[in-house]
Amino acid sequence: MKTLVFMVLLGTGLHVAVVSVKHSLKYFMTGSSGLPNFPEFVVVGFVDDVLVASCDSDKTTPEAKHDGVKKLFQNDPQHFEVYNQACFISLPSFFKDTMHTLKQRFNQSGGVHLLQKMYGCEWDDETGEINGFNQYGYDGEDLISFDLKTMTWITPKPQAFSTKLSWDADKARIKNNEIRLIQIFPEWLKTYLAYGNSSLLRTDLPSVSLLQKTPSSPVSCHATGFYPERATLSWRNDGEELHEDVELGEILPNHDGTFQMSAELKLSSVTPEDWSRYTCVFQLSGVKEIVTKLDKADIRTNWVPPSEFPTGAVVGVVVGLLLLTLCISGLLMRRRNRTGFRPAETPDDDSEASENLNLRPVDKRTG
């Protein structure tokens with residue numbers, strides 16, 4: 001486990017391969033100290049990365065965040081009571097006491113501190129394989145985790161070594177972890193999937209297209225309309241996933257609740273004869289694989305080659321504009337002549353020039 005962070009957070013050349021489905025039930029628990037405007041204790045539960053339930057120290061009852069879990073709480077009050085006891089009695093006191101101990105061991109007197117726990121299981125619905133996990137993090141770093149194979153606790157921190165020895169010696173705690181991780185949580189997971197199968201088990205396959213702006217631009221493999229968002233998109237060469245010359249885009253939501261994503265392949269290192277060796281592979285949450293071959297005939301583009309540019313039409317437009325300009329110029333000249341703008345006349349002699357300019361000899365007798 002790396003850092004535990006509490007943030008909720010067709011056509012030719014295409015074939016689909018079916019693989020097994022892995023489902024998961026995960027609880028993220030966070031105890032905080034010195035963090036203003038934030039509950040001291042928070043729990044959120046996810047089934048296949050879909051939020052299904054939550055509770056925190058600022059509330060008085062667990063909240064079902066999914067219609068299937070709401071129905072389960074109504075039909076099974078005992079199941080709801082398990083949440084109620086854990087959220088408001090056992091876990092808050094455990095986190096508070098553990099936080100106090102850790103601050104002493106790390107020689108901390110104040111500031112903001114977080115104790116986090118990820119608890120749950122994964123279940124393969126085809127093989128039946130179960131993988132359980134119980135992991136703690138403190139202030140953004142791994143603290144201690146339970147190894148289900150060896151039934152022991154593992155820690156990279158000297159400050160948690162005494163806790164490891166104590167929990168390893170607590171056989172009841174180890175047995176309780178084993179039962180929860182490989183029996184209780186998988187049963188809960190199957191129950192949640194049964195109650196919420198209309199949405200939790202929903203899978204929509206996307207349409208996959210190859211797009212390109214110009215012949216020298218990267219080829220974008222675009223998948224849209226898939227659900228859920230637990231999907232991957234990659235480019236492969238002879239079946240081997242590529243990392244260089246590939247740019248992966250983020251998963252984005254569509255207006256209808258489905259998702260889309262893209263992966264670009266730079267063609268600078270791809271020779272024309274090697275195009276058939278490249279494929280774009282879309283995989284939906286370990287359920288489906290859609291493979292699309294890199295084929296120039298299947299690429300969609302709006303680019304128009306220069307040789308096909310409609311030069312005749314452009315010439316016609318230019319000629320038309322020139323003619324229109326000449327017509328307008330002629331009309332303006334005729335309008336000016338009608339309103340008194342005439343060319344100047346050339347005088348025949350000096351006397352006529354003097355008259356036209358209104359220059360007359362001065363009579364010396366009148367001054």
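This briefing walks through the salt bridges and one run of paired strands in the structure above. Please keep in mind that the model is predicted. A search of the whole structure turns up 12 salt bridges, and a few of them are described below. The strand part centres on β7 (residues 130-138), which is mostly covered and pairs with β6 as well as with β8.

**Salt bridges around Asp56**

- Asp56 and Lys59 join their side chains in a salt bridge, with 2.9 Å from N to O.
- The two partners differ in cover: Asp56 counts as buried because its relative accessibility is 10%, under the 20% cut-off, while Lys59 is partly exposed at 35%.
- This pair belongs to a network of salt bridges that links Asp56, Lys59, Glu63 and Lys65.

**Salt bridges at and before helix α4**

- Lys175 and Glu178 form a salt bridge through their side chains, at 3.4 Å from N to O.
- Both residues sit in helix α4 (residues 171-195), and because they are 3 residues apart there, about one helical turn separates them.
- Lys175 is partly exposed, with 45% relative accessibility, and Glu178 is also partly exposed, with a relative accessible area of 21%.
- Another salt bridge brings together the side chains of Arg173 and Asp170, with an N to O distance of 3.9 Å.
- Arg173 counts as partly exposed at 27% relative accessibility, and Asp170 is partly exposed too, at 31%.
- As general background, side chains of opposite charge can pair when their charged atoms come close.

**Strand β7 and its partner β6**

- Of the 9 residues in β7, 7 are buried.
- β6 (residues 113-124) runs antiparallel to β7, and the two strands pair over 9 bridges.
- Within this pairing, Asn134 in β7 has Tyr119 standing opposite.
- The hairpin of β6 and β7 has 5 residues between the strands, and Gly128 in this hairpin takes a positive phi near 80°.

**Strand β7 and its partner β8**

- β8 (residues 141-147) also pairs with β7 in the antiparallel sense, here over 4 bridges.
- Gly137 has Asp142 in β8 as its bridge partner.
- The hairpin of β7 and β8 has 2 residues between the strands, and Asp139 in this hairpin adopts a positive phi near 50°.
- When you look along these strands, it may help to recall that in a regular strand the side chains alternate between the two faces of the sheet.

Conventions: Residues are numbered from 1 along each chain as its sequence is written. This is a predicted model: local features need pLDDT of at least 70, side-chain atom pairs count only at pLDDT 80 or more; totals for chains, interfaces and linings use all residues. Side-chain values use heavy atoms; hydrogens and water are left out. A salt bridge is a side-chain nitrogen of Lys or Arg within 4 Å of a carboxyl oxygen of Asp or Glu. Buried means under 20% relative accessible area, exposed over 50%, partly exposed in between (1.4 Å probe, protein chains only). Two strands pair if DSSP finds at least two bridges between them.
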